[in-house]
There are 2 protein chains.
Amino acid sequence: MSFRLDDRKKKILKAIIRTYMETGEPVGSRTISKYADLNVSSATIRNEMSDLTEMGYIIQPHTSAGRIPSDKGYRLYVDELMKEKEDEIAELRSLMIEQTDKVDKVLKKVAKVLASNTNYAAMVSVPQYRGSRIKFIQLSRVNTRQLVAVVVNDNNLIRNQIIELVDDMDDETILKLNLLLNTNLNGVPVQDINLGMIARLKEQAGMHSSVVATVLDAVAATIQVDQEDVEIYTSGATNIFRYPELADKEKASELISTFEEKQQLADLVKDRMSDEDNTGLSVYIGEELPIRTMKDCSVVTATYELGEGLRGTIGIIGPKRMDYESVVESLKELKSQLDGLLTNKT
Amino acid sequence: MSFRLDDRKKKILKAIIRTYMETGEPVGSRTISKYADLNVSSATIRNEMSDLTEMGYIIQPHTSAGRIPSDKGYRLYVDELMKEKEDEIAELRSLMIEQTDKVDKVLKKVAKVLASNTNYAAMVSVPQYRGSRIKFIQLSRVNTRQLVAVVVNDNNLIRNQIIELVDDMDDETILKLNLLLNTNLNGVPVQDINLGMIARLKEQAGMHSSVVATVLDAVAATIQVDQEDVEIYTSGATNIFRYPELADKEKASELISTFEEKQQLADLVKDRMSDEDNTGLSVYIGEELPIRTMKDCSVVTATYELGEGLRGTIGIIGPKRMDYESVVESLKELKSQLDGLLTNKT
DNA sequence: GTTAGCACTCTTTTAAATTGAGTGCTAACA
DNA sequence: TGTTAGCACTCAATTTAAAAGAGTGCTAAC
């Protein structure tokens with residue numbers, strides 16, 4: 001009782017998915033039979049649809065309604081049936097990135113443009129520093145009891161912190177510490193800096209004063225990236241109201257909460273980040289997503305690389321019947337704009 | 001044909017508002033007649049309600065339904081009828097602020113706690129630097145073609161920027177510039193630094209090299225606050241789904257968009273900021289709000305002051321029938337926790 | 001001034017009837 | 001053997017009608 005997915009079946013499945021994308025309503029045999037390059041009657045379509053249902057590519061919401069694509073159906077569509085679609089993307093190309101903005105402004109704008117361009121919800125993760133190296137460290141005196149520590153990494157990202165002193169510290173010591181920090185940490189990858197290393201530095205500092213220890217700890221804290229919290233910008237959350245299948249109170253509320261919290265999105269992105277494949281694009285459909293509230297959604301993500309090792313993710317969240325082609329194209333376009341953007345800026 | 005708002009009328013209005021807050025349904029004369037300390041029949045209440053309607057404190061959504069409070073009614077309630085309510089707030093008191101966190105983390109948390117505590121949407125604006133003074137400026141060399149500028153103000157807030165040089169700059173010049181900047185700008189209020197001042201500095205720098213000019217411009221840009229964009233954290237946007245009168249697709253979508261965009265909230269906050277009254281608390285009801293999408297909401301805001309001149313706003317957005325008493329109490333509590341929080345931290 | 005009573009209004013709820021899209025099956029056809 | 005017309009059947013969605021319920025305004029009596 002197993003069927004072959006022949007050419008006609010594929011064509012019909014594709015027609016079903018395409019139609020469903022537009023309307024959001026279950027699609028019936030009659031509708032498909034009118035579909036251009038497929039000159040068969042609705043009865044024939046019905047037979048084929050019956051087969052496709054049994055094969056699990058489409059689903060009948062109730063006895064007497066049309067069919068809608070299953071996750072498996074969408075998956076086949078994304079993997080095989082989808083043809084690239086080159087139009088409308090030009091808009092993005094012109095609309096975008098002014099070199100003068102700061103990185104976070106650019107990323108916020110990317111989220112916004114992406115959302116308004118696709119009519120889905122968009123997210124952009126701020127690149128993690130992981131893999132970047134320390135380029136410059138400086139301790140400066142603000143006043144007798146305050147220092148400021150500034151750390152610049154090789155992507156020109158700056159972190160800093162005020163250090164409150166409990167005891168005085170003379171200028172010479174500060175100079176010495178600066179030298180120590182720079183000779184020992186310059187060029188060291190951020191993630192290699194750990195407690196052991198700091199302990200060794202404290203020893204080398206020679207002086208066992210607790211003030212020095214405090215300062216070194218503070219510097220370490222400045223450098224250390226909060227590995228946990230990836231920052232995420234979102235935009236267009238309310239676009240989900242455009243799609244009735246996501247727009248009832250229950251679902252909409254849960255989904256928008258997920259966007260608002262961002263933590264789960266961050267987890268999703270982090271997951272994705274560790275992977276390493278050629279295109280940098282991935283598609284999650286429905287239950288494939290690790291986030292329960294999103295089981296009626298699809299998510300398409302792309303990783304971009306601002307500079308050496310500075311890697312972030314852009315993504316689109318929409319209904320399962322999202323227009324995968326244009327989403328993929330939009331993401332590709334933005335990815336290529338972001339890749340290498342940072343070459344000469346903050 | 002004008003009535004006096006006597007004691008009984010006030011009592012009845014208060015009862016109507018209280019009841020409506022709970023149920024969200026128009027409330028009828030019968031319901032009120034059962035209300036404890038008011039031993040009159042529903043017919044009497046009806047007469048009084050008729051008066052109150054004519055006076056504009058309550059509204060009849062349609063001929064044969066109960067009454068709901070009008071904006072004017074709520075206003076009276078807030079201004080006169082509301083009695084302070086001291087319970088449940090203790091929770092906030094314990095729940096809150098760990099001194100160790102950074103300011104932005106604290107503020108995000110405040111928004112979250114406020115939202116989950118009240119079941120309304122919450123917003124927190126990040127304090128503007130306006131009024132703060134410059135405490136410390138330092139230019140440091142990162143490498144031959146890059147400097148980093150660090151500016152610390154008297155609230156210990158740090159801003160910084162990488163400066164790309166087009167021409168080399170020797171160490172002596174950097175030292176000279178540092179001296180120049182610190183002697184001239186130290187203690188100067190941030191908002192007093194303008195183009196004229198920078199021009200004068202350039203002159204004083206003596207050297208007419210364009211490199212120096214570039215550096216000074218960059219430093220100015222670092223100091224300059226983006227006056228336009230107040231940053232705002234929001235939380236609990238989806239709480240609006242708890243209130244049917246706000247939860248239909250149309251309104252919910254618009255409201256959530258407003259939260260997401262934040263620009264309009266920022267404008268609201270900025271407006272508020274210029275005011276100067278004793279308590280720092282204000283209540284906007286319905287049409288009193290300058291934001292069209294919020295005409296069915298009420299907003300309560302409180303300004304807090306982290307340190308000298310570092311002033312921000314916390315606010316609650318909810319349905320007009322929000323529980324003004326506990327909202328006001330919650331805000332007061334958080335305000336008092338935030339006030340003066342910054343005394344010794346970043 | 002207060003209240004019981006009642007007719008009237010209008011929304012909400014409930015139930016029933018109708019419509020309509022779509023299926024599955026059968027029998028006929030090429 | 002694959003395709004198709006035809007038809008009975010199913011089930012959600014829509015329409016329609018009826019009933020219920022909540023609340024008011026007014027009147028007349030206390």
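**Close-up 1. The start of helix 1 in chain A of this predicted model.** A side-chain oxygen of Asp6(A) sits within 3.2 Å of the backbone nitrogen of Arg8(A), right where helix 1 of chain A begins. Look out for Arg8(A) again further on, since a polar atom of its side chain is also 2.8 Å from a phosphate oxygen of DNA strand D.

**Close-up 2. Helix 1 of chain A from end to end.** This helix covers residues 7-23, which makes 17 residues. Does the length add up, and what span should we expect? At 1.5 Å a residue the expected span is 24 Å, and the end C-alpha atoms are 24 Å apart, so the two agree. Just past the helix, Gly24(A) adopts a positive phi of about 75 degrees.

**Close-up 3. The buried side of helix 1 in chain A, and what covers it.** The buried residues here are Lys9(A), Ile12(A), Leu13(A), Ala15(A), Ile16(A), Ile17(A), Thr19(A), Tyr20(A) and Met21(A). As a reminder for reading that list, an α-helix has 3.6 residues a turn, so residues three or four places apart point the same way. Which elements do the covering? Among them are helix 2 (29-33), helix 3, strand 1 (58-59) and strand 2 (68-69) of chain A. Helix 4 (71-81) and helix 12 (324-338) of chain A also take part.

**Close-up 4. Chain A as the setting for helix 1.** Zooming out for a moment, chain A has twelve helices and ten strands. Of its 346 residues, 54% count as buried. Take the contacts in chain A between residues at least 6 apart in sequence: 62% of these join residues at least 24 apart. The chain exposes about 16,100 Å², with carbon and sulfur atoms supplying 48% of that area.

**Close-up 5. The protein surface around DNA strand C.** There are 21 residues surrounding this strand, and the closest are Ser29(A), Ser64(A), Arg8(B), Thr44(B) and Ser64(B). Sorted by class, the surface has four nonpolar, 13 polar and four charged residues. Which part of the strand does the protein mostly meet, backbone or bases? Of the strand C atoms within 4 Å of the protein, 72% belong to sugar or phosphate, and the rest to bases.

**Close-up 6. Polar contacts to DNA strand C.** A polar side-chain atom of Thr44(B) is 2.6 Å from a phosphate oxygen of strand C. Over on the other chain, Ala65(A) uses a backbone N or O atom, 3.4 Å from a sugar or linking oxygen of the strand. Arg46(B) goes for a base instead: one of its polar side-chain atoms lies 3.2 Å from a base oxygen of strand C. The elements giving two or more residues to this surface are helix 3 (42-55) of chain A and helix 3 (42-55) of chain B. Helix 3 of chain B has the largest share, with four residues.

**Close-up 7. The protein surface around DNA strand D.** Of the 21 residues around strand D, the nearest are Arg8(A), Thr44(A), Ser64(A), Ser29(B) and Ser64(B). Sugar and phosphate make up 72% of the strand D atoms that come within 4 Å of the protein. Chain B reaches phosphate oxygens of this strand through side-chain N or O atoms, at 2.6 Å for Ser29(B) and 3.3 Å for Arg67(B). Helix 3 of chain A gives the most to this surface, with four residues.

Key. Residues are numbered from 1 along each chain as its sequence is written. Chains are lettered from A and ligands numbered from 1 in the order in which they are written. This is a predicted model: local features need pLDDT of at least 70, side-chain atom pairs count only at pLDDT 80 or more; totals for chains, interfaces and linings use all residues. Side-chain values use heavy atoms; hydrogens and water are left out. A residue is near a molecule or strand if one of its heavy atoms lies within 4 Å of it. A polar contact is a pair of N or O atoms within 3.5 Å; within protein, one must be able to donate a hydrogen and the other to accept it, and residues adjacent in sequence count only if both atoms are side-chain atoms. Ala, Val, Leu, Ile, Met, Phe, Trp, Tyr, Cys and Pro count as nonpolar, Asp, Glu, Lys and Arg as charged, and the others, Gly among them, as polar. Buried means under 20% relative accessible area, exposed over 50%, partly exposed in between (1.4 Å probe, protein chains only). Contact means heavy atoms within 4.5 Å. Accessible areas come from the Shrake-Rupley method with a 1.4 Å probe; for residues, only the protein chains shown count as cover. The expected span of a helix is 1.5 Å times one less than its number of residues.
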